[in-house]
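Welcome, and please open the model in your viewer. We will go from stop to stop, with something to select at each one.

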Amino acid sequence: MPRVVVDVMPKPEILDPQGKAVLGALPRLGFTGVTEVRQGKRFELEIPEITDDALAQIEKLAETFLANTVIENFVVRVEEPAK
């Protein structure tokens, strides 16, 4: 079944305390070279078929329910099935 993914991330100007906490923990865990971490959300939606109407509905769903558009950006994309 086709899958649509909605990725939600804090806007660049919004502080991300969860990302900062992960960034602070990385060196203690032996991971070096990472200069920034931003934490977001990923929603996977399975739908019967990919149509313009279905994608428009998911875009509206993301804008009104999945993301807080005051502080978050989102991207809707179709995910190709794994081969």
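**Stop 1: a residue to start from.** Select threonine 69, which counts as partly exposed because its relative accessibility is 34%, between the 20% and 50% limits for that class. Keep in mind as you look around that this is a predicted model. Threonine 69 sits in the loop that runs between α2 and β3. Show the residues around it: leaving out those up to four places away in sequence, threonine 69 touches Lys11, Glu63 and Phe74. Now add valine 8 to the selection. Threonine 69 and valine 8 are 61 residues apart in sequence, yet their C-alpha atoms are 9.4 Å apart in space.

**Stop 2: the whole chain.** Switch to a cartoon view. How many helices and strands does the chain have? There are two helices and three strands, and along the sequence they follow the pattern β-α-β-α-β. The radius of gyration is 16 Å, well over the 12 Å that the globule rule gives for 83 residues, so the chain is more spread out than a compact globule. Along its principal axes, the C-alpha trace spans about 45 × 35 × 15 Å.

Turn on the surface next. The accessible surface of the chain comes to about 6,200 Å², and 57% of that belongs to carbon and sulfur atoms. Of the 83 residues, 24% are buried. Contacts also reach far along the sequence: among those between residues at least 6 apart, 72% join residues at least 24 apart.

**Stop 3: the sheet.** Go back to the cartoon and select the three strands. They form an open sheet in the order β2-β1-β3, with antiparallel pairing. β2 and β3 (72-79) stand at the edges with a single partner strand each, so one side of each has no neighbour in the sheet. On average, and ignoring direction, neighbouring strands are turned by 20° against each other.

Look along each pairing in turn:

- β1 and β2 pair antiparallel over six bridges; valine 6 has phenylalanine 43 as its bridge partner in β2.
- β1 and β3 also run antiparallel, joined by eight bridges; the partner of methionine 9 in β3 is asparagine 73.

Which helix packs on this sheet? Select α2, which touches β1, β2 and β3. The direction of α2 makes about 150° with that of β3.

**Stop 4: the core.** Show side chains for Val4, Val6, Val8, Ile47, Ala54, Ile58, Ala62, Leu66, Ala67 and Phe74: these 10 residues make up the largest nonpolar core. β1 (3-10) and α2 (52-66) each supply at least two of its residues, and α2 gives the most, with four. In soluble globular proteins, nonpolar side chains tend to be buried together.

Stay with one member of this core, valine 6. Which residues does valine 6 contact beyond its neighbours within four places in sequence? They are Lys41, Arg42, Phe43, Leu45, Ile58, Ala62, Leu66, Phe74, Val75 and Val76.

**Stop 5: the loop between α1 and β2.** Two residues are worth a click here. Begin with leucine 29, in the loop between α1 (17-28) and β2 (41-46). Is leucine 29 buried or exposed? Leucine 29 is exposed because its relative accessible area is 61%, and the class begins over 50%. To see where leucine 29 lies against glycine 19, draw a distance between their C-alpha atoms: the two residues are 10 apart in sequence and 15 Å apart in space.

Now select glycine 40, found in the loop between α1 and β2. With a relative accessible area of 36%, glycine 40 is partly exposed. Leaving aside neighbours within four places in sequence, glycine 40 is in contact with Val8, Met9 and Pro10. Draw one last distance, to proline 10: glycine 40 and proline 10 are 30 residues apart along the chain, and 6.6 Å separates their C-alpha atoms.

How values were computed:
Residues are numbered from 1 along each chain as its sequence is written. This is a predicted model: local features need pLDDT of at least 70, side-chain atom pairs count only at pLDDT 80 or more; totals for chains, interfaces and linings use all residues. Side-chain values use heavy atoms; hydrogens and water are left out. A nonpolar core is a set of buried Ala, Val, Leu, Ile, Met, Phe, Trp, Tyr and Cys residues joined through side-chain atoms within 4.5 Å. Buried means under 20% relative accessible area, exposed over 50%, partly exposed in between (1.4 Å probe, protein chains only). Contact means heavy atoms within 4.5 Å. Two strands pair if DSSP finds at least two bridges between them. Axes are lines fitted to C-alpha atoms, for helices over the stretch in contact, and angles run from 0 to 180 degrees between N-to-C directions. The radius of gyration is taken over C-alpha atoms; the globule rule is 2.2 Å times the number of residues to the power 0.38. Accessible areas come from the Shrake-Rupley method with a 1.4 Å probe; for residues, only the protein chains shown count as cover.
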